[in-house]
Each structure stands twice: as C-alpha cells, then as structure tokens.
Amino acid sequence: MIHDPAVTDVREQLRKLVREVRHRAYVPYSKHPEAVVLLLSDGSWIPGVRVESASFSLTILPLQNAWTTAVALNRRDVVAVAFSQPPDAGVRAFLEELKLSLLDVSSDLFASQASELPALREPLVPFLDQMPGSSLEGIQLAREVAARALAPYSRFPVGCLLQLENGRCIPGVNVEHPDWTRTLCAERNALGTAISYGIAPSTWRTLFLSCVNDVRGTPCGACRQLLAEHRSDLSVWMDRGLENPPELMRVDLLLPGFFVLQ
Ligand code: THU
C-alpha cells in the first residue's frame, strides 16, 4: 500500500475521536464503554455509543446507534467506520448488511478506499432545521420525518422528534434490518442519537411520534422501557391522524412500574 501521511492522519484522527466519544457510552452494567465514528463523504462525522438497558437484550450497540442516526439525518454517505475496539463477527455481519462497500483496512477501521479519505471536519449537526412551536407542528414534522424511515420489511414507517428544552429537535425513524432482532424503532433511534452526542436527558422536553399507517400508534414496550430508564417524566405527543388532535401521555404512565436495576 502507498504510504500517504495525510491519509494516515485522518485515520489517526478518527481513532482519537472514537476514543473521545467512547466516554459518552451509557454502560452502568458492563462498565465497558464502546463507540464508533462514521465518517461521511464531506468529512463530517457521526458518533455512536453503546447504550445498555436494565432490560439487557434492549441494549443498543454502537454501530447500530450511529447507523440509525445517519438514516434519520438523511446521510447514508458513509465512507469510513472507526471502532473503539475490533468488531466481533456479529458486528462485522451487521456492517456487511449495510452494503456500504467498505474495505477492511485494519482491525478497527473500515473505509471505502484504502488511500483516500476526506479531511475530517465538524460532527454532523443532529438537529432538524425546523423548530415546532406547538404540538400540532411537532406532529406534522414527525409525519414528514417518517419519510426517512428504512422499513422495507414491515412497510410501517415511523417518525419522531425528541425536542430539547432549547427547542431543537433530534429526528428518529425506524431502521429495519434483515435480522429482525436488529431493527431499531424511531423512538430509540432518537434516544440513542441524544446519548451519542452527549445531550443529557435532563434537557429532553417532549417526544412527538407519528406512525403514519396507524392513527392509534403508540410506543412499543421496548421504547417505553428505554425512555423510562432515561427520562420517565418525558411528555409524549402521539399522532391521532388528520381528523383528531394528538394525544399527550407521559412515559411513566405508558409503562407503570417499569423495571429498574439499582
Ligand atoms: N416501530 C417503531 O419505530 N416505533 C414503535 O414504537 C413501534 C414499532 C417500528 C419498528 C418496526 O420497524 C416497525 O415499526 C414494525 O414494528
């Protein structure tokens, strides 16, 4: 391989970044923080961390977390993936399913080309441009965001916004996987994005949710559990279709007596 100091530099920068964002991982049970960084074609990048759940099998893995963020932000132009530790066979299989045509450059780095990577820039901004000023506007925006869902198996696109105290909104969509157990819902997508970007749950204000094929749509049990673990008093506005006003609930009322592990 031709030695190109600029390329080596980007790779080293990616490795440094992944070590930094690793500390945002939510790992109270294993105490083993893990992260990935996705490099996009313009040099911007997306972090993804491990988010463990007291309900253990609901744990979100770093690659899944970062990839679902990329889909919700409409940026699938991934040109490299850096891992905080060499991916195991399961994670490699997950990466292959994304069909990003990445080469195995070294044990912790996969890239579209061995010799050329864009210069590293700022992290991709994880917010929508719009800031809804009412519950109806929030629901309308969640409906629009659902168009970004990757739901070829269920054909059940879901969109949500996690609005922060400052009004900014993190989008979430469901991202399906050929292995159905690796599918992630819209709500956990947005939650995983917030944690990967170091946005504290104390700053989360409201979740707007729209299941565009189902006017009675409601968060699934797994999403209720994860939301409750991080912000049990979060308000959730649920789309009730064009004819009816959205319905307001609180996470702890959606999952009374949710499981915690002290
Ligand atoms: N889904 C969500 O995104 N959120 C929910 O709360 C319910 C389910 C997605 C997951 C899957 O892609 C499809 O809807 C059918 O379960």
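What covers the buried residues of helix 5? Several elements share the job. Among them are strand 2 (45–49), strand 6 (158–164), strand 7 (169–173) and strand 8 (204–211), along with helix 2 (62–72) and helix 6 (221–231). Keep in mind as you look around that this is a predicted model.

Helix 5 itself runs over residues 186–196, and eleven of its eleven residues are buried, so the helix is largely enclosed by the rest of the structure. Buried here means under 20% relative accessible area. The buried residues include Leu 191 and Ile 195, but also Glu 187, Arg 188 and Asn 189. After the helix comes Gly 198, which has a positive phi, near 70°.

Now let's turn to the ligand. Which residues are closest to it? They are Asn 174, Glu 176, Ala 186, Glu 187 and Cys 220, from a shell of 13 residues in total. Two of these names, Ala 186 and Glu 187, should be familiar, as both are buried residues of helix 5. The table shows three contacts with oxygen atoms of the ligand.

| Residue | Atom on the residue | Distance to a ligand oxygen atom |
|---|---|---|
| Ala 186 | backbone N or O | 3.0 Å |
| Glu 187 | polar side-chain atom | 2.6 Å |
| Cys 220 | backbone N or O | 2.8 Å |

How much of the ligand does the protein bury? On its own, the ligand exposes 370 Å², and the protein buries 85% of that. Sorted by class, the surrounding shell holds seven nonpolar residues, four polar ones and two charged ones.

Terms used. Residues are numbered from 1 along each chain as its sequence is written. This is a predicted model: local features need pLDDT of at least 70, side-chain atom pairs count only at pLDDT 80 or more; totals for chains, interfaces and linings use all residues. Side-chain values use heavy atoms; hydrogens and water are left out. Buried means under 20% relative accessible area, exposed over 50%, partly exposed in between (1.4 Å probe, protein chains only). Helices (H or I, at least four residues) and strands (E, at least two) are DSSP runs, numbered from the N terminus. Contact means heavy atoms within 4.5 Å. A residue is near a molecule or strand if one of its heavy atoms lies within 4 Å of it. A polar contact is a pair of N or O atoms within 3.5 Å; within protein, one must be able to donate a hydrogen and the other to accept it, and residues adjacent in sequence count only if both atoms are side-chain atoms. Accessible areas come from the Shrake-Rupley method with a 1.4 Å probe; for residues, only the protein chains shown count as cover. Ala, Val, Leu, Ile, Met, Phe, Trp, Tyr, Cys and Pro count as nonpolar, Asp, Glu, Lys and Arg as charged, and the others, Gly among them, as polar.
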